[in-house]
Amino acid sequence: MLKNFLNGLELDQKGALKLLNLAQKIKANPADFSQALAGKSVVTLFEKPSLRTRLSFDIGINKLGGHAVYLDSQNGAMGARESVKDFALNISAWADGIVARVYAHKTLTTLAEYSSVPVVNSLCDLYHPCQALADFLTLQEVHGDVSKLKLAYLGEGNNVTHSLMLLAATLGTDFVAVCPKGSSPDSQILKQAEQIAAMNGASVMVSDRIEAAVGANAVYADTWVSMGDKTPLEQVKAKYMPYQLNQALLEKTGAQTVLHCQPAHREFEITSEVMDGPASKIIQQAENRMHAQNALLVTLLNPNFV
Ligand code: CP
Ligand code: NVA
């Protein structure tokens, strides 16, 4: 049984496919799930800003008949006013689940260690596993069987890259991260992804050459500077510009689908022409955050319902 969702590796291929199918069911028949979280309260904690995550959890929990309580970092980072352990002990005395967006992955593992209720990672320095679920839900809707696809990520190797890479490996999707030298994904997470991919007949690659993205069915961009990194975007522009997701690059890869987790920096990592163009599935992808997360919450908080 699924207890927490901290790095996404809690789901094997069977579990991930089951969850994506449940998300499609919830999306198609929301009325059937309108009481799936009745009487349940979920605390959503945010150390960093958010639009999509905050709203998709809040509105999503509401659509399942549950109650979401938003807590920002008005009292400073978690662990400043009182320890993360005490946060977990207190919150789980009232709530049925915790969703947390934090700076350090360690904060999540500590929350999970002391919480008696499930903890969900809604972004940390290393992972963004709820995002990856929504991304693969979108790919499944657009292309069908994701094990037949190649997905190319372009830009900085970051939390989003890691979660995409791990879920691609789990689902048997070929994956390439095309990143400039010095901005590659974490080598330990890459190794883990390679091992999982090998078991599922898929490949994981990292390259600094755009040519590695040729033949991809979908291309994916994220910001060149993640939250918490104070580097001005202008300062890294020259380094990342060759990796910009623009019309010429899209045509060169031959990809049919464009994804971006957002927030997007138009004319930096992606052009408006591509973001608003016919291959873009970016708003469908944002909507799918809610459906994928709702499937996850029902699985974690009320497994007997499904
Ligand atoms: N994609 C995503 O997590 O967006 P927010 O930062 O707005 O939540
Ligand atoms: N890599 C980005 C993702 C935002 C959803 C960040 O961490 O800021």
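A residue is called buried here if 20 or more other C-beta atoms lie within 10 Å of its own, exposed if 12 or fewer do, and partly exposed in between, with C-beta atoms placed from the backbone. By that yardstick Glu113 is exposed, with 12 other C-beta atoms within 10 Å. The model is a predicted one, so local features need pLDDT of at least 70 and side-chain atom pairs count only at pLDDT 80 or more, while totals for chains, interfaces and linings use all residues. Residues are numbered from 1 along each chain as its sequence is written, and chains are lettered from A and ligands numbered from 1 in the order in which they are written.

Glu113 sits in helix α4; helices (H or I, at least four residues) and strands (E, at least two) are DSSP runs, numbered from the N terminus. Between the C-alpha atoms of Glu113 and Val176 there are 34 Å, with the two residues 63 apart along the chain. Other parts of α4 are tucked away: Thr107, Leu108, Thr110, Leu111 and Ala112 are buried. These buried residues pack against α3, β3 and β4 (119-121), where a contact means that the C-beta atoms of two residues, placed from the backbone, lie within 7 Å.

Helix α3 (residues 84-94) has its own buried set, made up of Val84, Phe87, Ala88 and Ile91. They span an arc of only 95° around the axis, so they are on the same side of α3; the arc is that of the directions from the helix axis to the C-beta atoms. Among the elements covering them are β1 (41-46), β3 (97-101) and α4 (105-114).

Strand β1 is also home to Phe46. Phe46 counts as buried because it has 20 C-beta neighbours inside 10 Å. Setting aside neighbours within four places in sequence, Phe46 touches Arg54, Asp72, Ser73 and Arg101. From Phe46 to Ala77 it is 31 residues in sequence and 9.1 Å in space, C-alpha to C-alpha.

On a broader view, the protein chain splits into domain 1 (13-127 + 289-305) and domain 2 (130-285), with bounds that come from an automatic or database domain assignment. Their C-alpha centres are 25 Å apart. Domain 1 puts 22 residues into the contact and domain 2 puts in 19 residues. On the side of domain 1 that touches domain 2, the elements giving two or more residues are α1 (13-28) and α11 (282-301). That side holds 14 nonpolar, 4 polar and 4 charged residues. In this scheme Ala, Val, Leu, Ile, Met, Phe, Trp, Tyr, Cys and Pro count as nonpolar, Asp, Glu, Lys and Arg as charged, and the others, Gly among them, as polar.

The UniProt record, in an unreviewed entry, lists residues 148-299 as "domain: Aspartate/ornithine carbamoyltransferase Asp/Orn-binding". UniProt positions are given in the numbering used here, feature names are shortened, and annotations may be inferred rather than shown by experiment. Over residues 148-299 the chain is 41% helix and 14% strand, with 27 Å between the end C-alpha atoms.

Next come the ligands. Around ligand 1 are Ser50, Leu51, Arg52, Thr53, Leu123, Gln131, Cys261, Gln262 and Pro263, a residue being near a molecule if its C-beta atom, placed from the backbone, lies within 6 Å of it. This shell divides into 4 nonpolar, 4 polar and 1 charged. Ligand 1 lies between domain 1 and domain 2, because both give residues to its shell. The shell of ligand 2 consists of Leu123, Asn158, Asn159, Val160, Asp222, Thr223, Ser226, Met227 and Cys261. By class, the ligand 2 shell has 4 nonpolar, 4 polar and 1 charged.

Two residues from the ligand 1 shell are joined by an unusual-looking link in the backbone list: the peptide bond from Gln262 to Pro263 is cis, with omega near 5°. Pro263 is placed in the loop between β9 (257-260) and α10 (272-275), and Gln262 is found in the loop between β9 and α10. Gln262 has a phi near 65°, a positive value in a residue other than glycine. With 19 C-beta neighbours inside 10 Å, Gln262 counts as partly exposed. Glu267, in the loop between β9 and α10, has a positive phi of about 75° although it is not a glycine. Glu267 is partly exposed, with 13 other C-beta atoms within 10 Å.
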